[in-house]
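This report describes the fold, the nonpolar cores and one helix of a single protein chain. The sequence and structure are displayed first.

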Amino acid sequence: MPRLTVSTDARLTVLDVTDRVREALADEDTEGEQVCTVFVDHTTAGVVVNEAESRLLGDVESFLGRVVPDEGWDHDELDGNADSHLRALLLGNSAQVPVVDGDLALGRWQSVLLVECDGPRERTLRVVV
């Protein structure tokens, strides 16, 4: 099972990891039709499939910041990152994408995105086929 390490440079940011997932698939036996799961094994980050257009990525960051305020949560008394956990909860920790003959079968505008909610950090993504 391939693992990818992704470094983030901001508290809340969205990164296109599609090419890295494709590279990880190159080493796997992916003949025919299968399903790839991209899983982030952290509680303050998420994985989604959406468009990787730069303005939209900024809109996603703004949206998450508005939907879940930075402060005012009980968990903040422990380590100050309740907002990150709640944002990740909305996103989910994995995305599934069909694989056809070794390549991700994404739609024209679809990309695999890592959404960092508690950065900057190093994140581990598992790619499972």
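The text below moves from the whole chain to its cores and then to one helix.

**Overall fold**

The coordinates are those of a predicted model. Four helices and eight strands make up the secondary structure of the protein chain, and their order along the sequence is β-β-α-β-β-α-α-α-β-β-β-β. Contacts that are distant in sequence are frequent: of those between residues at least 6 apart, 80% join residues at least 24 apart.

The radius of gyration is 15 Å, which agrees with the value near 14 Å that a compact globule of 129 residues would have. Further values for the whole chain are collected here.

| Property of the protein chain | Value |
|---|---|
| Span of the C-alpha trace along the principal axes | about 50 × 30 × 20 Å |
| Share of buried residues | 37% of 129 residues |
| Exposed area | about 7300 Å² |
| Part of the exposed area from carbon and sulfur atoms | 47% |
| Distance between the centres of positive and negative side chains | 3 Å |

The charged side chains comprise 11 positive and 26 negative ones.

**Nonpolar cores**

The largest nonpolar core has 20 residues, and the members that touch the most others are Val-21, Cys-36, Leu-104, Val-112 and Leu-125. At least two residues of this core come from each of helix H1 (18-26) and strands E1 (3-7), E3 (33-40), E4 (45-50), E5 (94-100), E7 (111-116) and E8 (122-128).

Beyond its neighbours within four places in sequence, Val-112 contacts Leu-15, Asp-16, Val-17, Thr-18, Val-21, Val-38, Val-47, Val-48, Val-97, Leu-104 and Leu-106. A second core, separate from the largest, holds nine residues, among them Leu-57, Leu-91, Leu-113 and Val-115.

**Helix H4 and Arg-87**

Helix H4 covers residues 82-91 and contains Arg-87. Is Arg-87 buried or exposed? Its relative accessible area is 2%, so Arg-87 is buried, the cut-off being under 20%. When residues up to four places away in sequence are set aside, Arg-87 touches Leu-12, Leu-64, Gly-65, Val-68, Pro-69, Asp-70 and Cys-117.

Arg-87 shares its buried state in H4 with Ala-82, Asp-83, Ser-84, Ala-88 and Leu-91. In an α-helix with 3.6 residues a turn, residues three or four places apart point the same way. The buried residues of H4 pack against helix H2 (54-67), helix H3 (76-79) and strands E4 and E7. Immediately after H4, Gly-92 adopts a positive phi of about 90°.

Methods:
Residues numbered from 1 in each chain as written. Predicted model: local features only at pLDDT ≥ 70, side-chain atom pairs only at ≥ 80, totals over all residues. Heavy atoms only, no water. Core = buried A, V, L, I, M, F, W, Y, C linked by side-chain atoms within 4.5 Å. Buried < 20%, exposed > 50% of the residue type's maximum accessible area, 1.4 Å probe, protein only. Contact = heavy atoms within 4.5 Å. Rg over C-alpha atoms; globule rule 2.2 N^0.38 Å. Areas by Shrake-Rupley, 256 points an atom, 1.4 Å probe, with all protein chains shown as cover. Lys, Arg positive; Asp, Glu negative; His and termini not counted. Charge placed at Lys NZ, Arg CZ, Asp CG, Glu CD.
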